[in-house]
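The report below goes from the whole chain to its core, its aromatic rings and a few single residues. It is best read beside the model.

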Amino acid sequence: MEREVLQDILDQPEYQIYYEDNRNFLEVWWDQLKSWFSELLSNLLPSLEPSQEFANAVLIVIVSIIILVIAFAIFLAFRKGKRSRTFRDYQPLATSEKDWAYRDHLAEARKLEDNENYTGATRHMFLALLLYFHAKKWLMARNWKTNWEYFAELKDVDQQIAVPFYNLALLFDQVVYGERHLQKEEYIAFRDEIMIWLTEDTVEKHTGD
């Protein structure tokens, strides 16, 4: 009889509230994860008998590392997507320069370089490379095409050509459209890499620092 009375008392709402789980989903999930990880550590390291606090600290470190890795992967994906969008948004070959040959761009690049206008020189050096590839029939230079389309054409020709072009085009976009200012040493490295692709007689005429 006394047991039944006690059970009736315990069944009252004011007593039952103490037995309710008021945790939200994340709290329940985290507690379950901590319990699972603590048991895992105990099984892996039975001789150490790791405490609950130790297991929680190790779990927090592991979760933090995972979050950082995911965040870094998202950052890389975002940066790659941004680069691809840059390729798709701009057409490097201006209509006013449709009749220029790659040698004309090299001459213009040299003038701008002598005046320390490395942004303009970078643009003309890249266009010289673009039109040189056009002359080699590795791509078809058109006013409406973007560097992404040129890159796709070069991939069909030779991956070993496409990859260096991709990297040069990225720097070109950063300088011409992204307002990146090249130092002289950076420009010379860019220029010299492009000159490797050009014919020997062009190299003799236009290199030398």
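## Burial and the overall fold

A residue is called buried here when its relative accessible area is under 20%, and exposed when that area is over 50%. The model under discussion is predicted, and of the 209 residues of its protein chain 31% count as buried. The accessible surface of the protein chain comes to about 14,100 Å², and carbon and sulfur atoms hold 57% of that surface.

The protein chain has 10 helices and 0 strands, so that its elements, read from the N terminus on, run α-α-α-α-α-α-α-α-α-α. Among the contacts in the protein chain with a separation of 6 or more, 62% come from residues 24 or more positions apart.

## The nonpolar core

The largest nonpolar core holds 38 residues, and those that touch the most other members are Met125, Phe133, Phe165 and Tyr187. Two or more residues are given to this core by each of the elements α5 (102-114), α6 (118-135), α7 (147-157), α8 and α9 (184-195). Helix α6 gives the most, with 11 residues.

Phe133, which touches many of the members of this core, is in contact with Trp138, Leu139, Leu154, Ile161, Phe165 and Trp197 once its neighbours within four places in sequence are left aside. At 1% relative accessibility, Phe133 counts as buried.

## Helix α8

Helix α8 covers residues 159-176, and its 18 residues should span 26 Å at 1.5 Å a residue; the end C-alpha atoms are 25 Å apart, which agrees with that expectation. At the start of α8, the backbone nitrogen of Gln160 has a side-chain oxygen of Asp158 within 2.8 Å.

The buried residues of α8 include Ile161, Phe165, Leu168, Phe172 and Val175, and the polar residue names Tyr166 and Asp173 also appear among them. Phe165 is buried, with a relative accessible area of 1%.

## Aromatic pairs

How many aromatic pairs does the count come to? The count comes to 12 aromatic pairs, and one of them joins Tyr102 and Tyr132, whose rings lie 5.2 Å apart centre to centre with 80 degrees between the planes, an edge-to-face arrangement. This pair links distant parts of the chain, since Tyr102 is in helix α5 and Tyr132 in helix α6, 30 residues apart. Tyr102 counts as buried because its relative accessibility is 13%, and Tyr132 is likewise buried because its relative accessible area is 7%.

A further pair is formed by Phe133 and Phe165, whose ring centres are 6.2 Å apart and whose planes stand at 45 degrees, so this pair is tilted. Because Phe133 lies in helix α6 and Phe165 in helix α8, the pair ties together parts that are 32 residues apart in sequence. These four residues belong to one aromatic cluster, which is formed by Tyr102, Phe126, Tyr132, Phe133, Trp138, Phe165, Phe172, Tyr177 and Trp197.

## A buried asparagine

Is Asn147, a residue of helix α7, buried or exposed? Asn147 counts as buried because its relative accessibility is 1%. Asn147 and Pro92 are 55 residues apart in sequence, while their C-alpha atoms are 7.1 Å apart in space.

Note on methods: Residues numbered from 1 in each chain as written. Predicted model: local features only at pLDDT ≥ 70, side-chain atom pairs only at ≥ 80, totals over all residues. Heavy atoms only, no water. Helix = DSSP H or I, 4+ residues; strand = E, 2+ residues; numbered from the N terminus. Buried < 20%, exposed > 50% of the residue type's maximum accessible area, 1.4 Å probe, protein only. Contact = heavy atoms within 4.5 Å. Areas by Shrake-Rupley, 256 points an atom, 1.4 Å probe, with all protein chains shown as cover. Expected span 1.5 Å × (residues − 1). Polar contact = N/O pair within 3.5 Å; in protein donor to acceptor, adjacent residues only side chain to side chain. Core = buried A, V, L, I, M, F, W, Y, C linked by side-chain atoms within 4.5 Å. Phe/Tyr/Trp six-rings, centres within 6.5 Å; stacked < 30°, edge-to-face > 60°.
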